[in-house]
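Student: I have a model open and would like to test the words we use for it. Could we go through them one by one?

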Amino acid sequence: MKVGLSQSKTNYELDDYANNSDDAITIDEYSDDGYGLYAALGWRCRFYNGFEIMTTLAYQDSGTLEMTSFTVGIGYSF
């Protein structure tokens with residue numbers, strides 16, 4: 001289990017292309033810094049031959065973005 005403070009810096013620009021040309025027209029711009037919560041819960045199983053399998057469920061809320069992710073992985077230690 002992991003719990004902590006997260007920091008983020010978010011910048012994006014929304015563009016549109018008018019009349020099928022290559023010239024981008026900026027519609028909207030956004031920039032923000034934020035702090036928030038990071039929490040994760042995971043499971044890992046290591047085998048004697050060096051292989052491992054793992055899974056993690058993570059949640060991050062940084063004020064501007066909120067994200068939940070589920071990860072499954074395999075690994076090898078040598």
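Tutor: Here is a talk about what the labels rest on.

Tutor: Please keep in mind that this is a predicted model.

Student: Gladly. Why is glutamate 52 called buried?

Tutor: Its relative accessible area is 9%. Buried means under 20%, so glutamate 52 counts as buried. Glutamate 52 sits in strand β3, residues 51–61.

Student: What makes the link between glutamate 52 and arginine 46 a polar contact?

Tutor: The side chains of the two residues are joined at 2.9 Å, and the cut-off for such a pair of N or O atoms is within 3.5 Å. Arginine 46 is also among the residues in contact with glutamate 52 once neighbours within four places in sequence are left aside. That list includes Arg44, Phe47, Gly73 and Ser77 as well.

Student: How do you know that β2 and β3 pair?

Tutor: Pairing asks for at least two bridges, and ten bridges join β2 to β3. The two strands run antiparallel. As one example of the register, arginine 44 stands opposite methionine 54 in β3.

Student: And what lies between β2 and β3 in their hairpin?

Tutor: Four residues lie between the two strands, and glycine 50 in the turn has a positive phi of about 100 degrees.

Student: What makes β1 and β2 a pair?

Tutor: The same test, set at at least two bridges. Here 16 bridges join β1 (residues 2–17) to β2 (residues 24–46), and the strands run antiparallel. Serine 6 stands opposite glycine 36 in β2.

Student: Let me stay with β1. Is serine 8 buried or exposed?

Tutor: Serine 8, which lies in strand β1, has a relative accessible area of 14%. The limit for buried is under 20%, so serine 8 is buried. Beyond its neighbours within four places in sequence, serine 8 is in contact with Asp32, Asp33, Gly34, Ser62 and Thr64.

Student: Why does leucine 65 count as exposed?

Tutor: Leucine 65 reaches 52% relative accessibility, and exposed means over 50%, so the label holds for leucine 65. This residue lies in the loop between β3 and β4 (66–76).

Student: Which residues does leucine 65 contact, leaving aside its neighbours within four places in sequence?

Tutor: Leucine 65 is in contact with Thr10 and Gln60. Its C-alpha atom is separated by 8.6 Å from that of serine 8, and the two residues are 57 residues apart along the chain.

Student: Why is glutamate 29 called exposed?

Tutor: Its relative accessible area is 57%. Exposed means over 50%, so glutamate 29 meets the definition. Glutamate 29 has its place in strand β2. Neighbours within four places in sequence aside, it is in contact with Tyr12 and Glu13.

Student: Now the largest pocket. What is its volume?

Tutor: About 170 Å³. Among the residues that line it are Met1, Lys2, Tyr38, Trp43, Arg44 and Met54.

Student: Which strand gives the largest share of that lining?

Tutor: β2 does, with six residues. β2 and β3 each supply at least two residues of the lining.

Student: How do the lining residues divide by kind?

Tutor: There are six nonpolar, three polar and two charged residues in the lining of the largest pocket. Glycine counts as polar in this scheme, so Gly42 in the lining belongs with the polar residues.

Technical notes: Residues numbered from 1 in each chain as written. Predicted model: local features only at pLDDT ≥ 70, side-chain atom pairs only at ≥ 80, totals over all residues. Heavy atoms only, no water. Buried < 20%, exposed > 50% of the residue type's maximum accessible area, 1.4 Å probe, protein only. Polar contact = N/O pair within 3.5 Å; in protein donor to acceptor, adjacent residues only side chain to side chain. Contact = heavy atoms within 4.5 Å. 1 Å grid on protein atoms, 1.4 Å probe; cavity = no way out; pocket = protein on both sides within 12 Å on 5 of 7 lines; lining within 4 Å. Points joined across faces, edges and corners; volume = space filled by probe spheres on them.
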